[in-house]
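Student: I should like to learn how the features of a structural model are to be read. Could we take them in turn, with the general idea before the particular case?

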Amino acid sequence: MPIKNTIETFLYNPIVLVLFTPFSYLLIGTLYAVQYVPLNIGKFIAFYLLLFVNYCIENYLKKHSFLNKSELKGPFYLMELMNILLIAFLSFQSHYSIALLIILYSLIIHFQQVLKDNQFPIVAVLILGIFKGGMLTYLSFFIQAQFLPLILIVWSTPLVILHLFIEIGSYLAEKKSPRVAIGQSYILVTLLIFIYLSTGLFLYSTFRMGLFLFILTLPLAIRLARLFITHSWKDSKSVTLKTFRLFQLLYTVIFIFAEVLYFANL
């Protein structure tokens, strides 16, 4: 099997996406925090497990109604128990505001599908984009360092746009519509362009030459852009959703490499 096919098979493996997606939400903030304080392994693992559990709950609730108890089985209640215990642990270990934001994030994960099913998809994707691209980055830093630097808020701008793009694109793909409306495709392409514009605008002053690493994300970006421009989902729903997630993971990994180079003064 060609190397390219082997890599794609590995990256598109759902287990890989499930394990690494929660990591992508907290690594940028955590790496920045360890420039100030030693890594608290316990808090790091607890926060990762919290994001992992909520990621699993999010995927579960896309197939089962949270408001219909007959659809909720044993594994869901086990995940809920773990979720509560992890929230309690991080709440006692951090500031009360951290507890409130973590609880709010979990509530958004639980009720996002309710919003989408009741004609409020824009509200759901906006809140999810802001939380996954911004708030989780801030939380991962604050849990370790107990303060929040302004530069991290600046860095989060392209991350928020990235996650808005991912959430909107994933929502449209999940609708199973064979075609994407022209207006919707323009929104997605515009967001994709703004990801790169905001990357240059908000990250150049710190990352400098490290920004060239983001060129590595272009093949996936072009693949997604072609999908929108033709106004049709040519791939299966599963492959399309995985492509969105893979683009988010690749962008985040490149961001982390640029961040490491920045801190290493390379």
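**Reading the backbone and the interior**

Tutor: Let us begin with a loop residue: at 68% relative accessibility, Gln119 counts as exposed, where exposed means over 50% relative accessible area, buried under 20%, and partly exposed in between, with a 1.4 Å probe and protein chains only. The areas themselves come from the Shrake-Rupley method with a 1.4 Å probe, and for residues only the protein chains shown count as cover. As to conventions, this is a predicted model, in which local features need pLDDT of at least 70 and side-chain atom pairs count only at pLDDT 80 or more, whereas totals for chains, interfaces and linings use all residues. Residues are numbered from 1 along each chain as its sequence is written, and side-chain values use heavy atoms, with hydrogens and water left out.

Student: Where is Gln119 found, and what is the sign of its phi?

Tutor: In general, most residues other than glycine have a negative phi. Gln119, although not a glycine, has a positive phi of about 65 degrees. It is found in the loop between helix 5 (96-117) and helix 6; helices here are DSSP runs of H or I with at least four residues, strands are runs of E with at least two, and both are numbered from the N terminus. Arg208 is also not a glycine and has a positive phi, of about 50 degrees. Its place is the loop between helix 8 (182-207) and helix 9 (218-229), and with a relative accessible area of 44% Arg208 is partly exposed.

Student: How many helices and strands does the protein have, and what share of its residues is buried?

Tutor: The secondary structure comes to 10 helices and 0 strands, so that the pattern along the sequence reads α-α-α-α-α-α-α-α-α-α. Of the 266 residues in the protein, 47% are buried.

Student: How should I read the salt bridges, and how many does the structure hold?

Tutor: Side chains of opposite charge can pair when their charged atoms come close. The criterion is a side-chain nitrogen of Lys or Arg within 4 Å of a carboxyl oxygen of Asp or Glu. The structure holds 3 salt bridges. One of them joins Glu58 and Lys132 at 3.0 Å, N to O; Glu58 lies in helix 3 (residues 41-61) and Lys132 in helix 6, 74 residues apart. Lys132 also forms a salt bridge with Glu167, with the closest N and O atoms 3.0 Å apart. That pair links helix 6 to helix 7 across 35 residues of sequence.

Student: Which residue meets Arg245 in a salt bridge, and are Arg245 and Glu167 buried or exposed?

Tutor: Arg245 meets Glu167, at 3.9 Å from N to O. Arg245 lies in helix 10 (residues 237-263) and Glu167 in helix 7, so the pair ties together parts that are 78 residues apart in sequence. Arg245 is buried, with a relative accessible area of 7%, and Glu167 is buried at 2%. Through shared partners, the salt bridges join Glu58, Lys132, Glu167 and Arg245 into one network. Glu58 and Lys132 are both buried as well.

Student: How are cavities read, and which residues line the largest one?

Tutor: Rolling a probe the size of a water molecule over the atoms shows where empty space is left. On a 1 Å grid over the protein atoms alone, a cavity is a set of points where a 1.4 Å probe fits but cannot get out, and lining residues have an atom within 4 Å of a point. Grid points are joined across faces, edges and corners, and a volume is the space filled by probe spheres set on the points. By this rule there are 3 cavities of 30 Å³ or more, and the largest has a volume of about 40 Å³. Its lining consists of Ser24, Tyr25, Ile28, Lys132, Gly133, Thr137, Leu159, His163 and Thr252. Helix 2 (14-33), helix 6 (121-145) and helix 7 (150-174) each give two or more residues to that lining.

Student: How do the lining residues divide by polarity?

Tutor: They divide into 3 nonpolar, 5 polar and 1 charged; Ala, Val, Leu, Ile, Met, Phe, Trp, Tyr, Cys and Pro count as nonpolar, Asp, Glu, Lys and Arg as charged, and the others, Gly among them, as polar.

Conventions. On a 1 Å grid over the protein atoms alone, a cavity is a set of points where a 1.4 Å probe fits but cannot get out, and a pocket is an open set with protein on both sides within 12 Å along at least five of seven lines; lining residues have an atom within 4 Å of a point.
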